[in-house]
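Please take a moment with the sequence and the three-dimensional view before reading on. The briefing is meant for someone meeting this structure for the first time.

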Amino acid sequence: MELPRVTYSNIGTDFTAVHDRLDRELAAFRQRLLGRDWPGEGEAYEFASPIDRRIAIGTFRAARAEEVGAAVERARRAFDDWRGLSWQERVKRLRAAADRLEARKWELAAASLYEVGKSRIEAMGEAEEAVDLIRYYCDEMEAMDGYARPMRRAFEREETRDVLLPLGVFGVIAPFNFPLALSVNMTAAALLAGNTVVYKPSPQCALTGTLLVETLGLGEAVQLVCGGADTGAALVAHPGIAGIAFTGSYDVGMGIWRRLASGAHAKPVVVEMGGKNPTYITAKADLDVAAQGLARSAFGLQGQKCSACSVAYVEESVADALLDKLVQFSKGLAVGHPQERQTYMGPVIDERAAARFEKAAAEARRDGRIVLGGERLKGGLFDEGAYVAPTVVAGLSPAHRLNKEELFLPFLSVQTFRDLGEAIKRGNDVVYGLTAGIYTRDEKELQFFLDRAEAGVLYANRASGATTGAWPGIQSFCGWKGSGVTNKGGLGPYYLPQFMREQSRTIFR
Ligand code: NAD
């Protein structure tokens with residue numbers, strides 16, 4: 001029987017059969033793949049699941065500068081063969097890799113469930129997204145005819161073609177929160193463009209990263225290096241790297257961008273960073289839909305999405321009613337073990353995130369009002385990981401740090417407004433510009449928002465997520481301002497060319 005595919009927005013679908021299959025898959029995964037010692041070179045490190053410190057994920061090796069250098073060298077040698085293939089052949093190989101990924105999606109989802117603490121539905125959605133990402137970029141490559149096209153003629157006997165070509169070895173550095181989709185996003189684009197890749201997953205996602213490379217099965221064209229900041233820095237600094245694709249935090253991303261601008265010549269740096277994503281709820285909104293969309297967007301994956309909604313601007317006349325509905329709906333979102341079907345929120349990733357949460361909650365208590373949550377959860381499983389309550393705060397001053405900085409936590413600040421234009425100005429007044437949402441049934445308000453919001457991904461009136469839920473080929477995912485550096489996003493039609501350089505070829509015949 002064909003099971004329904006989990007995406008981030010099909011919230012009304014009956015996933016009972018998916019859960020039944022996952023029960024079996026998770027049990028098999030625990031037995032077969034957790035707690036192993038994975039081969040590799042570098043310094044051994046172990047880590048435990050954020051769900052429960054007693055679950056050992058495995059032992060991995062953090063690559064040092066010399067191992068990074070060896071991986072770059074292997075990728076450089078592989079580049080000669082890989083770029084020699086026709087683009088049609090590369091598409092064929094990537095399509096086959098997508099099929100392998102699809103066949104193993106349950107296992108890959110299980111890995112990210114245990115490593116990141118994703119709910120079942122978030123983990124399955126991500127595995128499906130990774131498959132669609134590859135297929136979408138293959139479709140784009142075909143639609144653009146391999147990015148080679150004839151140009152105009154100056155003379156009858158002069159023929160010119162314009163081609164986009166690969167650059168060499170791309171370093172791909174991924175964050176922890178979408179270890180499959182974002183790793184696949186950057187890696188598949190680099191490969192389809194004809195580059196080879198040295199891929200470094202987040203140190204918290206070495207298992208998912210290892211299984212992913214194994215599943216892609218693209219041989220020497222993808223070199224895996226595990227490790228954290230030092231390994232990443234060694235990759236960025238390596239002279240054999242032709243470009244870097246990075247997704248992660250603002251400070252690290254901007255550091256990489258600056259570093260690569262300081263060499264003898266510029267190298268492409270495709271950097272995607274954080275967000276501080278606002279949602280506007282006007283008096284013309286359906287408040288039930290708005291409350292659901294806000295809660296799902298702010299608390300899904302424990303608020304650890306670059307697109308998570310973190311500030312809600314509500315028109316004063318409906319603020320109390322909206323807050324009531326938001327609190328009511330959020331109370332129904334279960335926090336617990338992601339292995340359980342009903343769990344909506346698992347733990348945050350680590351103790352550092354929990355400390356960030358406690359600091360933010362203390363500030364909100366001091367400078368505003370906690371409407372819901374605000375505490376770290378205790379007792380039973382909660383003592384074995386960093387579990388925090390979904391939190392809603394109100395009454396903070398507009399310029400408060402909690403309204404400006406990315407927290408990356410299940411933490412939503414509610415602000416009120418009288419004038420939508422003023423609210424949008426406040427929402428725009430942050431360093432980031434990734435996603436934004438609105439709830440209104442008024443076409444003029446909607447158009448006003450679409451014209452004024454400074455963000456690359458806009459949503460209106462969605463119950464599945466106020467500012468979250470992008471899908472390959474449907475919503476491109478472009479970070480404006482401090483959320484990205486190239487003004488072109490992943491998941492969309494302008495991503496692939498960023499991994500290539502242009503050449504014009506004029507031939508006199
Ligand atoms: P992070 O910046 O801490 O780490 C990201 C990656 O960079 C990791 O692999 C890490 O090991 C590596 N790294 C760390 N220091 C480095 C250095 N000095 N040089 C090279 N590499 C280095 O981010 P994270 O905590 O893993 O992920 C969360 C962040 O990612 C959030 O800010 C989130 O908004 C952002 N994010 C953005 C998008 C997007 O598409 N815009 C998507 C997902 C996550």
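What follows is a briefing on pockets, cavities, helices, cysteines and a few single residues.

The structure shown is a predicted model, and every value below should be read with that in mind. Its largest pocket has a volume of about 1,300 Å³, and its largest cavity has a volume of about 190 Å³. Both domain 1 (21-273 + 487-508) and domain 2 (278-471) contribute to the lining of the largest pocket, with at least three residues from each, and both also give residues to the lining of the largest cavity.

**The largest pocket**

- The largest pocket, with its volume of about 1,300 Å³, is lined by 48 residues, and the closest of these to its centre are Pro175, Phe246, Gly248, Ser249 and Val252.
- Several secondary structure elements each supply at least two residues of this lining, namely the helices α6 (181-192), α8 (229-237), α9 (250-261) and α12 (351-367), together with the strand β9 (243-247).
- Helix α9 gives the most to the lining of the largest pocket, with 6 residues.
- Sorted by class, the lining of the largest pocket holds 24 nonpolar, 14 polar and 10 charged residues.

**Enclosed cavities**

- The model contains 5 cavities of 30 Å³ or more.
- The largest cavity, at about 190 Å³, is lined by 14 residues, and those nearest its centre are Glu129, Phe178, Ser307, Ala470 and Phe477.
- Of the residues lining the largest cavity, 8 are nonpolar, 4 are polar and 2 are charged.
- Because domain 1 (21-273 + 487-508) and domain 2 (278-471) both give residues to its lining, the largest cavity lies between them.
- The second largest cavity holds about 80 Å³ of space, and its lining consists of 14 residues, of which Gly303, Ala308, Ser310, Leu407 and Phe408 lie nearest its centre.
- The lining of the second largest cavity divides into 8 nonpolar, 4 polar and 2 charged residues.

**Two covered helices**

- Helix α6 has 12 residues, which at 1.5 Å a residue should span 16 Å, and the C-alpha atoms at its ends are 16 Å apart, in agreement with that expectation.
- Since 12 of the 12 residues of α6 are buried, this helix is largely enclosed by the rest of the structure; among those buried residues are Ala181, Asn185, Met186 and Leu192.
- Just after α6 comes Gly194, which takes a positive phi of about 105°.
- Helix α7 (residues 206-216) is mostly covered, with 10 of its 11 residues buried, including Ala206, Leu207, Thr210, Val213 and Leu216.
- Just after α7, Gly217 takes a positive phi of about 60°.

**Cysteines without disulfides**

- A search of the whole structure finds 0 disulfides, and two of the cysteines illustrate this result in the points below.
- Cys226 is buried, with a relative accessible area of 8%, and its sulfur lies 10 Å from the closest cysteine sulfur, that of Cys205, which is too far for a bond because a disulfide needs the two sulfur atoms within 2.5 Å.
- Cys478 is likewise buried, at a relative accessible area of 9%, and its sulfur is 12 Å from the closest cysteine sulfur, in Cys306, so this pair too is too far apart for a bond.

**Single residues to look at**

- Tyr147 has a phi near 55°, a positive value in a residue other than glycine, and it sits in the loop between α5 (120-143) and β4 (148-150).
- At 9% relative accessibility, Tyr147 counts as buried because that value is under 20%.
- Leu301 also has a positive phi, of about 50°, although it is not a glycine, and it is found in the loop between α10 (287-299) and β12 (309-315).
- Leu301 is buried, with a relative accessible area of 1%.
- Val392 belongs to strand β16 (residues 391-394) and is buried, with a relative accessible area of 0%.
- Val392 and Ala364 are 28 residues apart along the chain, and their C-alpha atoms are separated by 9.6 Å.

Notes
Residues are numbered from 1 along each chain as its sequence is written. This is a predicted model: local features need pLDDT of at least 70, side-chain atom pairs count only at pLDDT 80 or more; totals for chains, interfaces and linings use all residues. Side-chain values use heavy atoms; hydrogens and water are left out. On a 1 Å grid over the protein atoms alone, a cavity is a set of points where a 1.4 Å probe fits but cannot get out, and a pocket is an open set with protein on both sides within 12 Å along at least five of seven lines; lining residues have an atom within 4 Å of a point. Grid points are joined across faces, edges and corners, and a volume is the space filled by probe spheres set on the points. Helices (H or I, at least four residues) and strands (E, at least two) are DSSP runs, numbered from the N terminus. Ala, Val, Leu, Ile, Met, Phe, Trp, Tyr, Cys and Pro count as nonpolar, Asp, Glu, Lys and Arg as charged, and the others, Gly among them, as polar. Domain bounds come from an automatic or database domain assignment. The expected span of a helix is 1.5 Å times one less than its number of residues. Buried means under 20% relative accessible area, exposed over 50%, partly exposed in between (1.4 Å probe, protein chains only).
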